[in-house]
Amino acid sequence: MSEHMELEDFKSVIKPLIYECLSSAKDSHDIAFGDNREIDDLLAGIFLNDATSHINSAKIFYYQNPDFGHQEFDEFFNRYDIYRGEILDNIRTKHSHQWTDIEYRSFLEAAKPLADLIDLKIDHFYKEDLD
């Protein structure tokens, strides 16, 4: 990457990666609460893998561009890792997804300041009632 990347160029690369991570993470969360635990856990894991792929790409790009370093990215990456670990642990052990939901909501909260920072519209990820 160029040492002098412009902010708008940085945003144009990072925004779709963050958005796709959020979208696939939401799908993984929503599917985990379906009626068929075996199938739903499998599908949730597939969407989680997609989210992980996007966030890993975002991390690589972010760390290659230290001029754009902000705590909002670090918190977002950290909260995703916690969510990922929780859902995978619950899939593996067949435990309730109660903590999956709690960690997903914390992940979404960490997404808000990051989205504001990079001018990413994510309001629609918060509209549904997660009941």
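In this predicted model, Leu114 is buried, its relative accessible area being 0%. Leu114 belongs to helix α4 and, once residues up to four places away in sequence are set aside, touches Ile18, Glu72, Phe73 and Phe76. One of these partners, Glu72, is 42 residues away along the chain, yet its C-alpha atom is separated from that of Leu114 by 5.1 Å.

A wider view takes in the nonpolar core. The largest such core comprises 34 residues, and those with the most contacts inside it are Ile14, Ile18, Leu22, Phe76, Tyr80 and Phe107. Four helices, α1 (7-32), α2 (37-64), α3 (71-93) and α4 (98-118), each contribute at least two residues to this core. The greatest contribution is that of α1, which provides eight residues. Leu22 gives a helpful picture of the contacts made here: apart from neighbours within four places in sequence, Leu22 is in contact with Phe76, Phe107, Leu108, Ala111, Ile122 and Phe125.

The packing of the helices comes next. Two packed helices are described by the angle between their axes and the distance between the axes. For α1 and α2, the angle is about 160° and the axes are 8 Å apart. With an angle over 145 degrees counting as roughly antiparallel, α1 is therefore roughly antiparallel to α2. The crossing in which α1 passes α2 is left-handed. Sorted by character, the residues of the contact of α1 with α2 comprise 18 nonpolar, four polar and four charged.

The pairing of α1 with α4 also has an angle of about 160°, here with axes 11 Å apart. At that angle, α1 is roughly antiparallel to α4, and α1 passes α4 in a left-handed crossing. On the α1 side of this contact are Lys11, Ile14, Lys15, Ile18, Cys21, Leu22, Ala25, Lys26 and His29, which meet Thr100, Asp101, Tyr104, Phe107, Leu108, Ala111, Leu114, Leu117 and Ile118 of α4. The residues of the contact of α1 with α4 fall into 12 nonpolar, two polar and four charged. Ile14, Ile18, Leu22 and Phe107, listed among the residues with the most contacts inside the core, also take part in the meeting of α1 with α4.

Helices α2 and α3 pack at about 155°, and their axes are 10 Å apart. This angle makes α2 and α3 roughly antiparallel to each other, and the crossing of α2 past α3 is left-handed. The α2 residues involved are Arg37, Asp41, Ala44, Gly45, Leu48, Ala51, Thr52, Ile55, Ala58, Lys59, Tyr62 and Tyr63. They meet Phe73, Asp74, Phe76, Phe77, Tyr80, Asp81, Tyr83, Arg84, Ile87, Leu88, Asn90 and Ile91 in α3. In the contact of α2 with α3, the residues divide into 15 nonpolar, three polar and six charged.

Two buried residues outside the nonpolar set deserve a closer look. Asn90, found in helix α3, counts as buried because its relative accessibility is 3%, below the 20% cut-off. Beyond residues up to four places away in sequence, Asn90 touches Arg37, His95, Ser96, His97 and Thr100. From Asn90 to Thr100 the sequence separation is 10 residues, and the C-alpha to C-alpha distance is 7.5 Å. In helix α2, His54 has 18% relative accessibility and so also counts as buried. With residues up to four places away in sequence left out, the partners of His54 are Leu17, Glu20 and Cys21.

Finally, the backbone has features worth noting at two residues that are not glycine. Lys94, placed in the loop between α3 and α4, has a positive phi near 60°. Its relative accessibility of 52% means that Lys94 counts as exposed. Asp119, in the segment after α4, likewise has a positive phi near 60°. With a relative accessible area of 46%, Asp119 is partly exposed.

Note on methods: Residues are numbered from 1 along each chain as its sequence is written. This is a predicted model: local features need pLDDT of at least 70, side-chain atom pairs count only at pLDDT 80 or more; totals for chains, interfaces and linings use all residues. Side-chain values use heavy atoms; hydrogens and water are left out. A nonpolar core is a set of buried Ala, Val, Leu, Ile, Met, Phe, Trp, Tyr and Cys residues joined through side-chain atoms within 4.5 Å. Buried means under 20% relative accessible area, exposed over 50%, partly exposed in between (1.4 Å probe, protein chains only). Contact means heavy atoms within 4.5 Å. Axes are lines fitted to C-alpha atoms, for helices over the stretch in contact, and angles run from 0 to 180 degrees between N-to-C directions. Angles under 35 degrees count as roughly parallel, over 145 as roughly antiparallel, 65 to 115 as roughly perpendicular and the rest as oblique. A crossing is left-handed if the near helix is turned anticlockwise from the far one by less than a right angle, and right-handed if clockwise. Ala, Val, Leu, Ile, Met, Phe, Trp, Tyr, Cys and Pro count as nonpolar, Asp, Glu, Lys and Arg as charged, and the others, Gly among them, as polar.
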